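Visitor: I would like a close look at a single part of this structure. Please take one strand, describe its surroundings, and then follow the chain to whatever else deserves attention.

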Amino acid sequence: MISKHPFIAACNRQKPSRQPIWLMRQAGRYQKVYRELRAKHTILEMIKAPELAAEVTLQPLRAFDLDAGIIFADILTLPEAMGLPLEFVKGEGPVISAPIRSIADVKKLRVRPAEEALPFTIEAIKMVCRELNDRIPLIGFSGAPFTLACYAVEGGSSREYDLTRAFMFREPKAWHALMKKLAGAVGDYLLAQARAGAQALQIFDSWAGSLAPADYREYVLPHTQRVIAIAKQTKVPVIYFSTRTGAMLNVVRELGADVYGLDWRVDINDAWKQLGGKIAVQGNLDPTVLLTTPKTIREHAARLLDSVKDKRGYIFNIGHGVIKETPEENVKVLVDFVHKYAAQ
Ligand code: CP3
């Protein structure tokens, strides 16, 4: 049976009833309603109060004609629940005050069932699904083991994750132990989100592109493959998103995801071919296009839609998250244009 949801149909490479579109970081600071709520709460408070997380998830779905929601959470609540204290510091981004630097640190990480470790996100998913009542599918997500390890080792954001890569080469045993623990926790978290009602699962590997292809294969691939194999037990589509991985898509394709999310640095058709062709693809408009004018947005979106018009399994998205300076009207222009143009 073909899903009635255009987004799910496209994930399964079936013919959708219209061109699906959703946007990474579609909930967030570019929206006035978000900023108003955020003025009263920290980001972690918003994530950890299920009714607030549910409300923020629904905000972009009320404002725009999007084809999927994504639960409001963050990739870093999982390492926090494993014992790594997390803070969001203004101007600095996420800070983990006791980063992982040794095998002893890895051993201290706790893995508990996701329902117990992250009950707020599981509850928020249930609340959103009740509210959406199957009108719009909801995406659950997690960080990939590598991207989570980057934050866990570095203690925060970094340009190229030098400490993480050095740790990986210097202490391969500790590295694999860390990745194994993270992969188990991520897999369990994704299963719990699907059980709570998430109709697709996205794995964010935002920093995978800081690795050489051979090192990705040796130090990362088997762990992420395991996560994807676990997530696939649910039968819901599994999306793998990464950035700066254009030069190693021949390795990335071995992950076995149903959908690959691409950033804007690759030609979408070249990437699709390198990924083997028989998968769905999501992306890859440059998010800065949304900082421009309706005319420029329409031109770029039309060019992207023209380039994939004969493809099966295409999901429109931007190549990374919505930038906080994006005018809300521009998001509306993009979403409406994509539906209308693709229907011609
Ligand atoms: O897409 C969505 O609408 C769902 C919400 C979502 C958030 N984080 C909420 C959030 C998702 C999918 C994420 C994933 C996430 N978090 C990633 C992977 C995606 C990517 O962007 O590469 C990463 C790397 C993180 C870690 C993280 N969380 C960073 C680097 C920051 C920015 C810190 C800053 O001060 O700019 C966050 C905070 C965060 N997570 C915000 C939102 C909406 C900004 C919140 C705010 O201050 O109000």
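Guide: In this predicted model, a good place to begin is the pairing of strand β6 with strand β7 (residues 259-261), which run parallel and are joined by 3 bridges. Within that pairing, F241 has G261 of β7 as its bridge partner. Strand β5 (residues 200-205) is also parallel to β6, and 5 bridges join the two, with D205 standing opposite S242. Between β5 and β6 the chain passes through helix α12 (residues 213-232), and the resulting β-α-β crossover is right-handed.

As for the strand itself, β6 spans residues 238-242, and because 5 of its 5 residues are buried, it is largely enclosed by the rest of the structure. Both of its faces are covered, since V238, Y240 and S242 are buried on one side and I239 and F241 are buried on the other. The loop between α12 and β6 holds K235, a residue that is not a glycine and yet has a positive phi of about 75°. In contrast to the buried strand, K235 counts as exposed, with a relative accessibility of 74%.

A second residue with this kind of backbone angle is Y161, which is likewise not a glycine and has a positive phi near 55°. Y161 is placed in the loop between α9 and α10 (162-170), but its relative accessible area is 1%, so it counts as buried, the cut-off being under 20%.

That loop leads back to helix α9 (residues 145-154), which is mostly covered, with 10 of its 10 residues buried; among them are P145, F146, Y151 and E154. The residue that follows α9 is G155, with a positive phi near 90°.

E154, which lies in α9, is a charged residue that is buried yet has no salt bridge, the nearest side chain of opposite charge being that of R101, 6.5 Å away. The side chain of E154 does have polar partners: a polar contact of 2.5 Å joins it to the side chain of T164, and one of its polar atoms lies 3.3 Å from the backbone nitrogen of L163. Leaving aside neighbours within four places in sequence, the residues in contact with E154 are P99, R101, A149, Y161, D162, L163 and T164, so the buried Y161 of the loop appears here again.

One further backbone detail concerns strand β8 (residues 280-285), where N284 is found: the peptide bond from G283 to N284 is cis, with omega near -15°.

Methods
Residues are numbered from 1 along each chain as its sequence is written. This is a predicted model: local features need pLDDT of at least 70, side-chain atom pairs count only at pLDDT 80 or more; totals for chains, interfaces and linings use all residues. Side-chain values use heavy atoms; hydrogens and water are left out. Buried means under 20% relative accessible area, exposed over 50%, partly exposed in between (1.4 Å probe, protein chains only). Helices (H or I, at least four residues) and strands (E, at least two) are DSSP runs, numbered from the N terminus. Two strands pair if DSSP finds at least two bridges between them. A crossover is right-handed if, with the strands pointing away from the viewer, the path from the first strand over the helix to the second runs clockwise. Lys and Arg count as positive and Asp and Glu as negative; His and the chain ends are not counted. A salt bridge is a side-chain nitrogen of Lys or Arg within 4 Å of a carboxyl oxygen of Asp or Glu. A polar contact is a pair of N or O atoms within 3.5 Å; within protein, one must be able to donate a hydrogen and the other to accept it, and residues adjacent in sequence count only if both atoms are side-chain atoms. Contact means heavy atoms within 4.5 Å.
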